[in-house]
Amino acid sequence: QVQLVESGGGLVQAGDSLTLSCAASGRTFSDYAMGWFRQAPGKEREFVAGINWSGRMTYYADSVKGRFTISRDNNKNTVYLRMNSLKPEDTAVYYCAGTGSSAYRGDIRYWGQGTQVTVSS
């Protein structure tokens with residue numbers, strides 16, 4: 001059974017930084033691409049960032065490009081999302097996502113439970 005457990009969310013001020021972590025178990029982590037999504041109140045869940053199995057290929061939503069960095073440590077079965085220059089509009093529940101492919105194609109198979117990020121102005 002695949003499990004994705006996020007951590008690292010919290011309340012920060014605009015301009016601050018935060019790093020989210022997602023620990024994966026239940027399958028060979030290094031075989032699959034991973035992603036981060038977020039959902040703000042009253043809005044649909046949206047793509048934030050994706051990373052292929054090796055970590056060499058990364059993808060970002062335009063709204064976070066240049067501020068957020070996705071990375072992974074296959075030895076620790078963990079994917080990270082480093083968020084810099086946070087803005088109030090980044091406030092959302094952030095979800096870790098496991099795909100069904102080695103390349104990132106958005107084919108999400110598994111979701112974490114989510115971690116709240118709140119950015120105050």
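Guide: Ala, Val, Leu, Met, Phe and Tyr are among the residues that count as nonpolar, and Arg is among those that count as charged. The model discussed here is predicted.

Visitor: What makes up the lining of the largest cavity, in terms of nonpolar, polar and charged residues?

Guide: Val2, Leu4, Ala24, Arg27, Phe29, Tyr32 and Met34 line this cavity. Under that classification they divide into six nonpolar, no polar and one charged. The space inside is about 30 Å³.

Visitor: Why is the pair of Tyr95 and Trp111 called edge-to-face?

Guide: Rings pair if their centres lie within 6.5 Å, and planes over 60 degrees apart count as edge-to-face. The centres of these two rings are 6.4 Å apart and their planes stand at 85°, so the pair is edge-to-face. Tyr95 belongs to strand E9 and Trp111 to strand E10, 16 residues apart, and the pair thus links distant parts of the chain.

Visitor: How do you know whether Tyr95 is buried or exposed?

Guide: Buried means under 20% relative accessible area. Tyr95 has 13% relative accessibility and therefore counts as buried.

Visitor: Why is Trp111 called partly exposed?

Guide: The partly exposed class lies between the limits of 20% and 50%. Trp111, at 38% relative accessibility, therefore counts as partly exposed.

Visitor: What makes Arg45 a residue whose charged end sits over the ring of Trp111?

Guide: For Arg, CZ must be within 6 Å of the ring centre and within 35 degrees of the ring normal. The charged end of Arg45 sits over the Trp111 ring, 4.4 Å from its centre. Arg72 likewise lies over the face of Phe29, at 4.3 Å from the ring centre.

Note on methods. Residues are numbered from 1 along each chain as its sequence is written. This is a predicted model: local features need pLDDT of at least 70, side-chain atom pairs count only at pLDDT 80 or more; totals for chains, interfaces and linings use all residues. Side-chain values use heavy atoms; hydrogens and water are left out. On a 1 Å grid over the protein atoms alone, a cavity is a set of points where a 1.4 Å probe fits but cannot get out, and a pocket is an open set with protein on both sides within 12 Å along at least five of seven lines; lining residues have an atom within 4 Å of a point. Grid points are joined across faces, edges and corners, and a volume is the space filled by probe spheres set on the points. Rings of Phe, Tyr and Trp (its six-membered ring) pair if their centres lie within 6.5 Å; planes under 30 degrees apart count as stacked, over 60 as edge-to-face and the rest as tilted. Helices (H or I, at least four residues) and strands (E, at least two) are DSSP runs, numbered from the N terminus. Buried means under 20% relative accessible area, exposed over 50%, partly exposed in between (1.4 Å probe, protein chains only).
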